[in-house]
Amino acid sequence: MSRVVVVGLGYVGLPLAVRAAQAGHRVFGLDLDPAKIEALQAGRTYVEDVTSGELQDVLARGRLDVSTEPAPNMLHFDVGVIVVPTPLRNGEPDLSCVEAAGRTLGRFLRRGGTVVLESTTYPGTTEGLLSEVLEEESGLSAGRDFHLGFSPERIDPGNRVHTLVNTPKLVSATTAAGLTAVEAFYDTVVEQTVPVSNPRTAEITKLFENIQANTNIALINEMAELCRLLDIDVWEVVEASMTKGHSMARWTPGPGVGGHCLPIDPMYLAWLAREELGRPFRFAELAQQVNEERPVLVAERAVELVRSSGGDRVLVLGTAYKPNVGDVRESPAIGVVRELQRRALDVTVVDPHVDRWSLTPVLSLEEMIPSLPNFDLVVLVTDHDDFDYEKVVSEARLVLDCRNAAPASSNVVRL
Ligand SMILES: NC(=O)c1ccc[n+]([C@@H]2O[C@H](COP(=O)([O-])OP(=O)(O)OC[C@H]3O[C@@H](n4cnc5c(N)ncnc54)[C@H](O)[C@@H]3O)[C@@H](O)[C@H]2O)c1
């Protein structure tokens with residue numbers, strides 16, 4: 001049993017904190033957001049990958065404590081994990097949260113302790129900025145007095161097959177002894193750890209994974225637009241290509257990418273390449289550009305369709321960035337809605353997973369079906385399992401399907 005501190009209890013940090021508590025550690029979770037801490041203390045989850053029951057269980061067993069403030073029970077942590085946001089500010093990496101979290105942990109760091117960064121970032125962050133702030137705050141030396149490592153999170157929120165526990169976890173540290181400590185901790189939390197030579201390798205591997213996904217999505221999105229202009233069904237192309245059986249991966253077109261990993265993280269490496277090497281990372285930048293164009297393209301198609309029907313009322317199905325989650329960060333739906341509004345269309349949305357949405361009026365799932373005939377166009381942006389696609393198609397006047405989720409029908413147009 002170790003005393004573990006998790007700094008940042010979001011989509012990544014909360015599942016880790018609960019899992020570490022289930023694995024028998026004594027966990028202290030810290031988050032600056034009072035609303036999150038209030039919900040957790042009341043036993044209410046706010047991420048798909050942790051149930052309220054699981055949370056209540058570890059709280060009741062005294063395995064997990066959460067707070068907005070560093071507390072006395074943080075004083076002697078064995079392992080401190082940083083899982084805070086790594087956003088962009090004016091297109092450049094903003095590591096202020098990592099720095100602040102490092103300062104918090106640094107104040108409580110003692111000899112023999114271990115600090116691990118999980119936030120996605122450019123290579124060099126752990127051994128550079130994080131090491132410096134920890135040393136400054138603690139007066140200790142990284143690698144000599146405490147262990148320091150990087151272990152990227154590969155969580156796919158809402159994915160029931162590939163979970164935190166069964167997805168192999170990369171582990172790294174600045175020294176061999178550090179690697180042993182980092183590996184020993186994660187071996188208690190996940191089924192398999194995969195050591196790599198150093199934090200920079202682990203940091204860039206995580207970015208490579210995200211960039212590969214973003215680039216493949218951009219490629220199929222570009223293909224989709226070419227196919228549309230050539231009057232070829234891109235979905236048939238996707239399925240036909242998969243019959244090859246090797247060397248092909250199934251990526252599908254859509255309204256764009258969202259969440260933290262794809263639209264933001266690749267820019268960390270693109271920025272570093274320009275800043276430190278004076279050269280562009282062409283694939284990362286091009287993929288970004290192609291995927292960013294998609295929501296505008298969806299809106300353009302929607303405008304064409306709705307105007308040809310003589311109306312102006314649009315219902316957007318799904319605002320989350322991907323199916324069956326409630327996360328709207330960087331969601332393509334935001335770009336679609338803003339673009340539709342800019343073109344003076346009257347937009348309403350429905351998303352049973354999303355709690356906070358202020359851009360438009362919102363319909364509940366129950367209100368949706370009877371309201372469908374009132375809209376001139378339904379734009380299916382996120383293919384949640386909760387939507388009854390048969391009913392949507394039978395009740396709606398016209399559907400623009402960005403995900404190939406609706407059954408074929410004369411009133412369904414695919415993006
Ligand atoms: N969401 C994903 O699917 C995913 C997957 C893999 C990796 N990541 C990476 O993990 C990191 C965290 O992402 P997330 O989705 O969990 O973010 P999130 O916004 O859901 O959660 C981060 C939490 O950190 C808190 N926080 C910020 N600064 C803090 C501080 N100084 N002290 C305490 N708490 C602080 C915020 O209040 C927030 O609750 C990012 O670098 C992201 O790129 C995310």
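Let's start with a single side chain: Tyr122 has a relative accessibility of 16%, and because the cut-off for buried is under 20%, Tyr122 counts as buried. Keep in mind as you follow along that this is a predicted model.

What does Tyr122 pair with? Its partner is Trp271, and the two rings form a tilted aromatic pair, with 5.3 Å from centre to centre and 35° between the planes. If you trace the chain, you will find that this pair links distant parts of it. Tyr122 lies in the loop between β7 (114-117) and α5 (126-138), while Trp271 belongs to helix α9 (residues 265-277), and 149 residues separate the two. Tyr268 joins them as well, so to speak, as a member of one aromatic cluster with Tyr122 and Trp271.

Now step back to the whole chain. The domain assignment divides it into domain 1 (3-197) and domain 2 (234-414). Taken over C-alpha atoms, the centres of these domains are 32 Å apart. Their contact draws 17 residues from domain 1 and 15 residues from domain 2.

How much area do domain 1 and domain 2 bury between them? The value is about 1,400 Å², and 62% of it is on carbon and sulfur atoms. Here our starting residue returns: on the domain 1 side, Tyr122 is one of the three residues that lose the most area to domain 2, along with Tyr11 and Leu88. Together these three make up 34% of what that side buries.

There is a charged link to look for too. Across the interface of domain 1 and domain 2, the rule finds one salt bridge. In your viewer, you can also pick out Lys322, which forms a salt bridge with Asp156, their closest N and O atoms being 2.1 Å apart.

Back to the rings, for there are others to visit. In total, the structure holds four aromatic pairs. Another of them joins Phe387 and Tyr389, with 6.2 Å from centre to centre and 80° between the planes, an edge-to-face arrangement. Phe387 and Tyr389 are both buried.

Finally, some rings have a charge for company. The charged end of Lys169 sits over the ring of Tyr186, at 4.7 Å from the ring centre. Arg313 does likewise with Phe375: the charged end of Arg313 sits over that ring, 4.6 Å from its centre.

Key: Residues numbered from 1 in each chain as written. Predicted model: local features only at pLDDT ≥ 70, side-chain atom pairs only at ≥ 80, totals over all residues. Heavy atoms only, no water. Phe/Tyr/Trp six-rings, centres within 6.5 Å; stacked < 30°, edge-to-face > 60°. Helix = DSSP H or I, 4+ residues; strand = E, 2+ residues; numbered from the N terminus. Buried < 20%, exposed > 50% of the residue type's maximum accessible area, 1.4 Å probe, protein only. Lys NZ or Arg CZ within 6 Å of the ring centre and 35° of its normal. Domains from an automatic or database assignment. Contact = heavy atoms within 4.5 Å. Buried area = accessible area lost by both parts, 1.4 Å probe. Salt bridge = Lys/Arg side-chain N within 4 Å of Asp/Glu carboxyl O.
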